[in-house]
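Trainee: I've got a new structure open on my screen and I'd like to practise reading it. Can we go through it together, one question at a time?
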Amino acid sequence: MTEARAKILVVDDKPANIVAVQTLLKDMDIEIIEALSGNEALQICILHDLALILLDVRMPHMNGFEVASLLRGLDRTRTVPIIFITAAHSDELHELHGYDVGAVDFLHKPINDQILRSKVTVFMELFNLRRDQKQDMKLLEKRRLQVENEIIERKKVEKELKHHRDNLSNMVRERTAELEQAQDELRDLAGHLNLAREKERQWIAQEIHDELGNNLANLKMGIQWFKSKPCQEQTSYQNQLGDLLDQVNATIRKVRQITLLLRPPVLDQFGLLTALEWQAKEFEKSAGYSCRIHPDSVDMDIEEQQKLALFRICQESLTNISRHAEATQVEIRLIMDKDWIQLSISDNGKGTPEALSLNPNRSLGLRGMAERARQNQGTMKLTTTPGKGTKITVRIPTSNKE
Ligand SMILES: Nc1ncnc2c1ncn2[C@@H]1O[C@H](COP(=O)(O)OP(=O)(O)O)[C@@H](O)[C@H]1O
Ligand SMILES: [Mg+2]
């Protein structure tokens, strides 16, 4: 940007005086404007940004003091520096002293060129300084506005970001709720399936018992009748009937065993402790080693569903022990109080593989047990020591009875 030169107004009613000043200042980097009267000077002052006014005091119509006084009265010209030019030894100097409104300095005629040039230089530099300062202020203001706009823009972006973040967390929340609901539905479904399976088992047990059992019993009676009729000549016939009877007896025993396993009547008729005692005894008979039960509290009346879950968990544990544990001893412990039921089944077998003890949910049988516990708002834990055995602990609250 090229800087405008500093402007200096020279006011004198005698053109020759103006020319003299112009000559003295001609090689300076300034623009000189001339005015031949006070009136003309006032008009120029309003139009231009002046660095200095060289003002002749003695002029017709309006003298220099009157011009200065009027300039001090206007906002635009109040601060423009004025140097009065007076005739030497005139008493205009006294007036100058009395005049405290605007005289910055004064010069005597004839003007000394050194003094004039040095004074003009000072005011020109002052003017340039002020102008640079104004430009700096303008730049600063521009920068301030830019920063203000940047802040507004950033706030807008932050608002949008927050909006997106809120949207995202809403979506996550909704998705989580959906997943939780799906999980609940799955759990309900599993519970429902378990219930249906139990009903089915009950029905199958009934059928086997009523139909098959009766049929077999009739068959047995028929064969016995045959057998009771002596028929010496047909020993082989007798022997065959005897074999048949043995088979029928074995079938009846098997049917009873299956029936009991599917839905032991003891479960419907007695409390949990009695049902577990029966289960332990059955296990001892089939496994051939000891299965002791420790009732650490009296048997309590609990909900049908809870009784069934604990009974099935015990049944599955005992099946696992007979299939996998290579144990010689099993202990069942049942603790019931008003808030909790805790059932644990431990064996002294070879222990469960490490990976399963860390995550019992990975295997179907164990997972089914854990799911039964969960459906009753409870937990299942598997602890094991290699070579020393496995312990399953199930804990479920009884509180929902109240
Ligand atoms: N009491 C136990 N002693 C030793 N290993 C066991 C015992 N119970 C479970 N396991 C191990 O855990 C595995 C998973 O058991 P489970 O989920 O019931 O499935 P499955 O009996 O059909 O193999 C078994 O295959 C067995 O290796
Ligand atoms: Mg199993």
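Trainee: Where is Q377 found?
Mentor: Keep in mind that this is a predicted model. Follow the chain to helix α11, then look towards strand β9 (379-385). Q377 is found in the loop between α11 and β9.

Trainee: Is Q377 buried or exposed?
Mentor: Count the C-beta neighbours inside 10 Å, and you get 11 for Q377. The cut-off for exposed is 12 or fewer. With its 11 neighbours, Q377 therefore counts as exposed.

Trainee: What is phi of Q377 near?
Mentor: Q377 is a residue other than glycine, yet its phi is positive. The value for Q377 is near 60 degrees.

Trainee: Which loop holds E326, and what is its phi?
Mentor: E326 is found in the loop between α9 and β7. It is partly exposed, because 13 other C-beta atoms lie within 10 Å. E326 isn't a glycine either, and its positive phi is about 55 degrees.

Trainee: Which peptide bond is cis, with omega near -10 degrees?
Mentor: Try the loop between β5 (103-109) and α5 (113-228), where P110 has its place. The bond you want leads into that proline. It's the cis peptide bond from K109 to P110.

Trainee: Let's zoom out. What radius of gyration does the chain have?
Mentor: Start from the yardstick: a compact globule of 402 residues would come out near 21 Å. Now look at the box that the C-alpha atoms fill, roughly 180 × 40 × 40 Å along the principal axes. The chain doesn't match the globule value; its radius of gyration is 59 Å.

Trainee: How many helices and strands are there, and what share of the residues is buried?
Mentor: The chain has 11 helices and 10 strands. Among contacts between residues at least 6 apart in sequence, 66% join residues at least 24 apart. As for burial, the share of the 402 residues is 21%.

Trainee: Which helix gives the most to the largest nonpolar core?
Mentor: A bit of background: in soluble globular proteins, nonpolar side chains tend to be buried together. Here the largest core has 31 residues, and L310 and C314 touch the most other members. Elements supplying at least two residues each include α8 (272-287), β7 (329-336) and β8 (340-347). The top contributor, with 9 residues, is α9.

Trainee: Which residues is C314 in contact with, leaving aside its neighbours within four places in sequence?
Mentor: C314 is one of the two residues that touch the most other members of that core. Set its sequence neighbours aside, and the contacts of C314 are L276, Q279, I332, L343 and I345.

Trainee: How many residues are in another core, apart from that one?
Mentor: Look for L9, V11, V67 and F84, which are among its members. This core lies apart from the one we just discussed, and its count is 28 residues.

Trainee: Why do the buried residues of α2 lie on the same side?
Mentor: In α2 (residues 38-47), the buried ones are G38, A41 and C45. An α-helix has 3.6 residues a turn, so residues three or four places apart point the same way. The buried residues of α2 sit on the same side because they cover an arc of only 55 degrees.

Trainee: What do those buried residues pack against, and which exposed residues face away?
Mentor: On the buried side, the partners of α2 are β1, β2 (30-35) and α3 (64-72). The face turned away from that side carries the exposed residues Q43, I46 and L47.

Trainee: Which helix gives the most to the shell around ligand 1?
Mentor: The ligand is surrounded by 16 residues, and the closest are N320, H324, A325, S363 and G365. Two elements give two or more residues to this shell, α9 (304-325) and α11 (364-375). By class, the shell has 6 nonpolar, 7 polar and 3 charged residues. The biggest giver, with 5 residues, is α9.

Trainee: How far apart are the C-alpha atoms of R5 and N128?
Mentor: R5 is in the segment before β1 (6-11), and D29, I30 and E31 are its contacts beyond four places in sequence. Along the chain, R5 and N128 are 123 residues apart. In space, their C-alpha atoms are separated by 8.6 Å.

Definitions and conventions: Residues are numbered from 1 along each chain as its sequence is written. Chains are lettered from A and ligands numbered from 1 in the order in which they are written. This is a predicted model: local features need pLDDT of at least 70, side-chain atom pairs count only at pLDDT 80 or more; totals for chains, interfaces and linings use all residues. Helices (H or I, at least four residues) and strands (E, at least two) are DSSP runs, numbered from the N terminus. The radius of gyration is taken over C-alpha atoms; the globule rule is 2.2 Å times the number of residues to the power 0.38. A residue is buried if 20 or more other C-beta atoms lie within 10 Å of its own, exposed if 12 or fewer, and partly exposed in between; C-beta atoms are placed from the backbone. Two residues are in contact if their C-beta atoms, placed from the backbone, lie within 7 Å. A residue is near a molecule or strand if its C-beta atom, placed from the backbone, lies within 6 Å of it. Ala, Val, Leu, Ile, Met, Phe, Trp, Tyr, Cys and Pro count as nonpolar, Asp, Glu, Lys and Arg as charged, and the others, Gly among them, as polar. A nonpolar core is a set of buried Ala, Val, Leu, Ile, Met, Phe, Trp, Tyr and Cys residues joined through C-beta atoms within 7 Å. The arc is that of the directions from the helix axis to the C-beta atoms.
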